[in-house]
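Q: I would like to go through this model with you, a few points at a time. Could we begin with a single residue and work outwards?

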Amino acid sequence: MELALKGGGFLLADVTPEQVFTPEELNEDHLQLKRMTANFVEKEIGPHIEALEEQQEGLARKFMAQAGELGLLGLEIPEEMGGLSMDKYATVVVGEEVPRGASFAVSFAAHTGIGTLPIVYFGTPEQKEKYLPGLASGEKIAAYCLTEPGSGSDALGAKTTAVLNEEGTHYILNGTKQFITNAGFADVFLVYAKVDGKLTNFIVERDMPGVSFGPEEKKMGIKGSSTREVILEDVAVPVENIVGELGRGHVVAFNILNVGRFKLAAAAIGSAQIALETALKYASERKQFGVTLDTFGAIRAKFAEIATQCYMAESVVYRTAGLMDEVCKDLDLTGDCRKEAGKALEEYAIECSLNKVLASEVLDFAVDEGVQIHGGYGFISEYPIERMYRDSRINRLFEGTNEINRLLVPGTLLKRAMNGELPLLQAAQNVSKDLMSVGLPSDNEGLEALLDMVGKAKKLCLMAAGIAAQNLGMELKDNQYVLMGMAEMVLQVYAMESAVLRAMKVQDMDVTDDHKLFVEKAATLGCYTAMNILEQHAKEVICAAAEGDSLSTVLAGMRKLTRRPNVDMIGLRKDVADLVVEKGKYPIR
Amino acid sequence: MNIVVCIKQTFDTEAKIALDSQGKIDSQGVNLIINPYDEFAIEEGIRLKEQLGGEVTVVSLGGERAQEAIRTALAMGADKGILVSDPSLEEVDEWVAAEVLAKAVEGISYDLLLAGRIAIDDGSAQVAVRLAEKLGVPSVSSVLKIEADGEKITAVREIDGGTETLEIPLPAMVTAQKGLNEPRYPSVAGIMKAKRKPLNVVSLADLGLNAGDLSPKMVVDSTALPEARKGGRKLEGEPDQVAKELVQLLRDEAKVI
Ligand SMILES: Cc1cc2nc3c(=O)[nH]c(=O)nc-3n(C[C@H](O)[C@H](O)[C@H](O)COP(=O)(O)OP(=O)(O)OC[C@H]3O[C@@H](n4cnc5c(N)ncnc54)[C@H](O)[C@@H]3O)c2cc1C
């Protein structure tokens with residue numbers, strides 16, 4: 001695989017516009033699917049959100065069954081097993097629209113993602129035959145059970161045990177799983193338990209003797225989704241229910257989380273657009289000082305920032321969809337593909353974490369400003385933005401907290417560098433050598449100039465990481481203060497690059513002039529904001545890792561790498577706001 | 001029973017309408033949908049086909065983008081699509097539309113023609129009936145229920161203060177009213193199948209028509225957006241005083257009584 005397209009490779013190589021997938025390239029089927037999903041969810045589920053929030057008996061199951069009938073639960077399940085064998089883009093477009101049904105999206109994601117996918121990717125052909133048709137139709141609902149009261153982020157610290165019985169036919173499971181989404185009504189539980197101290201994944205069925213449940217948790221948000229403890233007391237699970245390999249449950253757990261994080265990001269960018277629409281509508285109606293709120297510059301600036309952040313995250317998610325689709329499309333999901341699937345899903349672990357962190361934080365920003373735009377009414381439950389604000393918060397917590405996901409980024413990069421999979425250290429050394437030649441003014445303008453900035457941002461990131469690795473040595477992997485800064489830099493690079501490459505690609509496409517204008521302005525505004533953040537973290541990391549003369553030299557290098565043309569940020573914000581307010585929605589939806 | 005459903009692509013009901021620099025309605029970047037009444041017609045056609053066999057052909061007149069609308073109908077379960085699209089058809093009136101659709105429909109063997117009662121954009125409710133006239137088939141409008149066998153249909157339609165049940169020999173044209181059915185959502189499998197179904201895009205020349213013979217009988221001179229809604233006014237004072245004032249305002253200012 002070409003370095004630019006390898007997991008984490010974007011940091012080390014130049015990526016071209018042709019190498020990134022953009023939402024503008026979705027085909028007619030994807031667009032039909034997106035429209036259908038939005039229609040279905042808005043019309044069938046939308047009117048019942050309140051009842052759903054109260055967990056009205058049977059409602060979530062009913063919506064699942066309806067979604068199943070339309071095929072929405074089987075997108076990633078092979079055709080031979082009742083699914084539709086769709087690509088990853090289909091998953092994203094559906095994921096973006098389902099949040100129009102509020103917390104139904106969480107039940108939906110837990111079922112179609114981390115619940116069903118362990119069997120799709122790591123199941124035996126027999127398990128697939130047995131479970132996938134029911135999971136595709138919605139007749140059966142799935143849940144993913146990794147977290148325990150004593151182990152959340154520290155997933156490998158699970159205490160649930162599985163002991164083989166004397167006959168060698170069943171494993172006896174004991175333990176408690178905490179905060180399990182869909183637990184109230186799921187039929188199939190993908191439970192992680194330790195066999196001789198080693199994590200193993202089992203399919204546990206609801207009606208197996210010894211399975212019981214805690215009460216519904218009372219939650220801050222996503223109240224319409226079921227969250228309960230799953231209690232296992234001497235549950236006898238047939239040996240053939242092991243998913244993946246005995247003692248290698250972590251391979252299933254973590255790789256499924258990679259896909260889960262990517263899917264969470266898709267749902268988050270969809271939700272952020274909904275929050276934007278909601279706030280725009282409110283601001284177009286509410287008057288103060290005799291005019292509507294959307295005429296105030298202070299409010300318009302907020303719309304510009306939300307739309308810009310939406311654009312950045314959307315560019316990242318679709319780019320990642322392209323990468324994921326490429327590595328997954330040749331897997332033979334009807335057979336035993338455990339080994340290949342593990343490799344495929346691991347490839348973009350870094351990108352999946354970046355997706356999750358970025359999209360969940362963009363969503364939190366969007367709903368927070370959404371409430372602000374609503375003024376006091378944003379605090380009142382009658383207004384949907386109030387629920388969106390509460391519902392958003394979970395996304396930074398589950399599927400690995402954003403701290404854990406951030407730490408995974410430098411962690412995985414360093415590991416791959418050590419294994420020789422990514423020439424990270426060499427690249428860092430090259431930067432120091434190249435410093436003499438960089439920073440020369442270039443003739444590029446517009447998006448080309450922006451891409452130059454991304455190139456320098458990568459170098460800056462490598463330089464700072466290189467200094468940290470060199471000066472902190474083995475101590476670095478335990479220095480989270482520094483690692484968090486490194487994660488932030490990588491995050492900004494990925495977002496900036498995705499945004500610019502997309503904007504460049506779109507300029508040659510058959511889209512409206514406003515569309516071209518929006519992507520260009522949003523990319524510029526977004527990248528400059530990202531560059532400011534990146535610069536700050538680079539400086540912090542460098543100052544923490546170097547001192548004295550060497551620090552001055554590095555800081556001088558840094559100044560070269562951060563030199564960038566001045567842009568009129570306020571003017572950009574105004575232009576973006578004009579497009580957003582005029583359209584009354586995310587302007588390129 | 002072979003069925004032809006005529007559909008039109010319209011603006012999304014939530015679309016913001018704006019005029020371009022030439023004072024015409026600007027469709028750039030606007031989300032387009034199938035006219036909601038035409039969706040009832042599509043659904044009814046598919047149901048009748050499922051019940052009685054035969055084929056559903058969807059016919060539309062519009063720009064290139066109208067293919068999307070036809071694809072949606074195909075994804076719902078229609079079998080074939082025909083789009084008449086021609087640069088000279090940018091501005092058509094109901095007469096032209098009916099003339100062109102008649103030509104497109106003539107080539108299809110049909111027992112029943114279905115369409116929406118009205119299109120939500122121009123709201124003329126004329127094209128389907130004109131088309132029936134041109135083809136020389138009877139038509140019933142605003143239908144709430146259809147029962148069919150191979151020879152005739154029984155249709156229930158809205159009339160002032162009640163309903164009316166009619167028996168009509170086939171072939172016939174029926175236009176759909178809200179309440180006829182609940183249109184289905186296209187399933188994912190339906191969407192995937194739709195792209196393998198035939199969708200012919202034809203020009204006027206393909207239909208043997210000549211743009212010169214089709215100059216609209218009605219021309220739109222200008223288009224204006226409705227005046228922005230003004231805020232309400234509160235009348236204060238003694239009840240009989242205020243009532244008087246109100247009546248006067250309703251007559252002199254609002255001119256409604
Ligand atoms: C509504 C809801 C639904 C859920 N659904 C599911 C589900 O379906 N299946 C499932 O298995 N789990 C589920 N979870 C569990 C969720 O994934 C965990 O809550 C999450 O992983 C965090 O674990 P924890 O709550 O134990 O927090 P902790 O691990 O105790 O973390 C507390 C804080 O410490 C930080 N922290 C922890 N370790 C480190 C470290 N090494 N370095 C730096 N910082 C650290 C965390 O980032 C966090 O800020 C759900 C949780 C909720 C609330």
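Q: Where is A:Val580 placed?
A: In this predicted model, A:Val580 lies in helix α19 of chain A.

Q: Is that residue, A:Val580, buried or exposed, and why?
A: A:Val580 is buried, because 27 C-beta neighbours fall inside 10 Å and 20 are enough for that class.

Q: Which residues does A:Val580 touch, leaving out those up to four places away in sequence?
A: A:Val580 touches A:Phe303, A:Ala304, A:Ala307 and A:Pro587.

Q: And how far apart are A:Val580 and A:Thr308, in sequence and in space?
A: The two are separated by 272 residues in sequence, while A:Val580 and A:Thr308 lie 9.8 Å from each other in space, C-alpha to C-alpha.

Q: Staying with that helix, at what angle do the axes of α17(A) and α19(A) cross?
A: The axes cross at roughly 140° and come within 10 Å, α19 of chain A being residues 569–583. That angle makes α17(A) oblique to α19(A), because only values over 145 degrees would count as roughly antiparallel.

Q: Left-handed or right-handed, that crossing of α17(A) and α19(A)?
A: The crossing of α17(A) and α19(A) is left-handed.

Q: Which residues make the contact?
A: From α17(A) there are A:Asp514, A:Leu517, A:Phe518, A:Lys521, A:Ala522, A:Thr524, A:Leu525 and A:Tyr528. From α19(A) come A:Met569, A:Leu572, A:Arg573, A:Asp575, A:Val576 and A:Leu579. By class, nine residues of this contact are nonpolar, one is polar and four are charged.

Q: Changing topic: how many residues does each chain give to the contact of A with B?
A: Chain A gives 16 residues and chain B gives 14 residues. On the side of chain A, α1 (28–45) and α17 (513–545) each supply at least two residues. The largest share there, seven residues, is from α1(A). By class, that side of chain A holds seven nonpolar, six polar and three charged residues.

Q: What about α8 of chain A: what length does it reach?
A: Helix α8 of chain A, residues 249–285, reaches 53 Å from its first C-alpha to its last over 37 residues, close to the 54 Å expected at 1.5 Å a residue. α8(A) is also mostly covered, with 31 of its 37 residues buried.

Q: Finally, chain B: how many helices and strands?
A: Chain B has six helices and eleven strands. The C-alpha trace of chain B spans about 70 × 45 × 40 Å along its principal axes. Of the 257 residues in chain B, 37% are buried. Among contacts in chain B with a separation of 6 or more, 70% join residues 24 or more positions apart.

Notes
Residues numbered from 1 in each chain as written. Chains lettered and ligands numbered in written order. Predicted model: local features only at pLDDT ≥ 70, side-chain atom pairs only at ≥ 80, totals over all residues. Contact = placed C-beta atoms within 7 Å. Helix = DSSP H or I, 4+ residues; strand = E, 2+ residues; numbered from the N terminus. Nonpolar A, V, L, I, M, F, W, Y, C, P; charged D, E, K, R; others polar. Axes fitted to C-alpha atoms, helices over the stretch in contact; angles between N-to-C directions. Parallel < 35°, antiparallel > 145°, perpendicular 65-115°, else oblique. Left-handed = near helix turned anticlockwise from the far one by under 90°. Expected span 1.5 Å × (residues − 1). Buried ≥ 20, exposed ≤ 12 C-beta atoms within 10 Å, placed from the backbone.
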